[in-house]
Amino acid sequence: MFEYILGKLAVKKIDYVALEINGLAYKIHISLKTFEKIGNIGNDEKLYIFTNVKEDDISLYGFKTQNERELFKALISISGVGPKLAIAILSTFNMREIIEIVTEDESKIFTRVPGLGIKKAQKIILDLKDKVKKIDISEMLEETSNLSNGKLITSESFDPKISLMKEDLKLALEFLGYTNTDISKWIKDSELAQLKDISEAIKIVLQKIQNKK
């Protein structure tokens, strides 16, 4: 129905936005990753659209890139995966992480998605293996580079396990009162790779922070 919608950002919520065109506002569901890329209220925004049609409802889902939309479509084409779960997956991991998880068969990491058990995670990975090959990876890398201030994370340097451990570590430190902590300042990826679990990482970082004081 729609290829994309370009309009003024009238509403910005964590799970949806509204783009206004000529006095008409379109409610568009988004992932958390898309939310993070969208500007402020009043800005012009362009979202690539997927229209989900059911007997009693028509819903719009928006994405900053065509590749993200293609991955969403690949996810909902899998039996047992609806738009809600697909958005949850895209909110938990970015595109590079999802593709890395699928190619490395990391089903346990996939269960970080709320409501996603190990059996369904394994099924999704199995069904996605061929589908992700059809996504334009080169375009995805270029988009990721633009969104990361020109710092391109290559597949050789990316490790989803370390990425998730760093995310958990940051949340744990924030819970302990250490806000806006630069994890890479206190512990290297090579160190994280040698640790058994997040508790060891917390102890190491807290010790380094205390020694710095």
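Trainee: Which residue in β5 is the bridge partner of Ile28?

Mentor: In this predicted model, the residue that bridges to Ile28 from β5 is Leu60.

Trainee: What makes β3 and β5 count as a pair, and in which sense do they run, parallel or antiparallel?

Mentor: The criterion for pairing is at least two bridges found by DSSP, and β3 and β5 are joined by two bridges in the parallel sense, so the requirement is met.

Trainee: How do you know that strands β2 and β3 pair, and how do they run?

Mentor: Strand β2 (residues 16-21) is joined to strand β3 (residues 24-29) by six bridges, and the two run antiparallel. Set against the threshold of at least two bridges, this is a pair. Leu19 has Tyr26 of β3 opposite to it, and in the hairpin that β2 and β3 form, with two residues between the strands, Asn22 adopts a positive phi near 50°.

Trainee: What joins β1 to β2, and how many residues lie between them in their hairpin?

Mentor: Four bridges connect β1 and β2 in an antiparallel arrangement, with Lys12 opposite Val17 of β2, and the hairpin they form has three residues between the strands. Strand β1 (residues 4-12) is also joined to strand β4 (residues 44-54), again running antiparallel, through five bridges, and Gly7 faces Glu45 of β4 there.

Trainee: Why is Asn52 called buried or exposed, given its relative accessible area?

Mentor: The relative accessible area of Asn52 is 15%, and the term buried applies under 20%, so Asn52 is classed as buried. Asn52 is placed in strand β4, and, with neighbours within four places in sequence set aside, it has contacts with Asp57, Ile58, Ser59, Tyr61 and Pro83.

Trainee: How do you know whether Thr34 is buried or exposed?

Mentor: Thr34 has a relative accessibility of 0%, which falls under the 20% limit, and therefore Thr34 is buried. Thr34 belongs to helix α1 (residues 32-37), and beyond residues up to four places away in sequence it touches Leu47, Gly62, Phe63, Lys64 and Glu68.

Trainee: What makes Asp168 buried, exposed or partly exposed?

Mentor: A relative accessible area of 26% lies between the bounds of 20% for buried and 50% for exposed, so Asp168 is described as partly exposed. Asp168 sits in helix α8 (residues 160-175), and, leaving out neighbours within four places in sequence, its contacts are with Arg112 and Ile198. Asp168 and Ile198 are separated by 30 residues in sequence, yet their C-alpha atoms are 7.3 Å apart in space.

Trainee: How many residues does the largest nonpolar core have, and which of them have the most contacts inside it?

Mentor: The largest nonpolar core holds 31 residues, and Phe110 and Ile124 are those with the most contacts inside it. Two or more residues of this core come from each of β5 (57-63), α2 (66-76), α3 (83-92), α4 (95-104), α5 (107-110) and α6 (118-131). At least three residues are contributed by each of domain 1 (4-63) and domain 2 (66-134). Another core, apart from this one, has 13 residues, including Ile162, Met165, Leu169 and Leu195. In soluble globular proteins, nonpolar side chains tend to be buried together.

Trainee: Which residues does Phe110 touch, not counting those up to four places away in sequence?

Mentor: Phe110 touches Ile89, Phe93, Ile98, Ile101, Leu116, Ala121, Ile124 and Ile125 on that count.

Trainee: Where does UniProt place the helix-hairpin-helix feature, and what is the helix content of residues 73-92?

Mentor: The unreviewed UniProt entry gives "domain: Helix-hairpin-helix DNA-binding motif class" at residues 73-92 and 108-127. In the model, residues 73-92 are 70% helix and 0% strand, with end C-alpha atoms 17 Å apart, while residues 108-127 are 65% helix and 0% strand, with end C-alpha atoms 16 Å apart.

Trainee: What is the average pLDDT of the protein chain, and over which residues is the pLDDT below 50?

Mentor: The protein chain has an average pLDDT of 81, and 82% of the residues score at least 70. Residues 142-157 have a pLDDT below 50, and that stretch makes 14 contacts in the model beyond near neighbours in sequence.

Key:
Residues numbered from 1 in each chain as written. Predicted model: local features only at pLDDT ≥ 70, side-chain atom pairs only at ≥ 80, totals over all residues. Heavy atoms only, no water. UniProt positions renumbered as here; feature names shortened; annotations may be inferred. pLDDT = per-residue confidence, 0-100. Contact = heavy atoms within 4.5 Å. Core = buried A, V, L, I, M, F, W, Y, C linked by side-chain atoms within 4.5 Å. Buried < 20%, exposed > 50% of the residue type's maximum accessible area, 1.4 Å probe, protein only. Domains from an automatic or database assignment.
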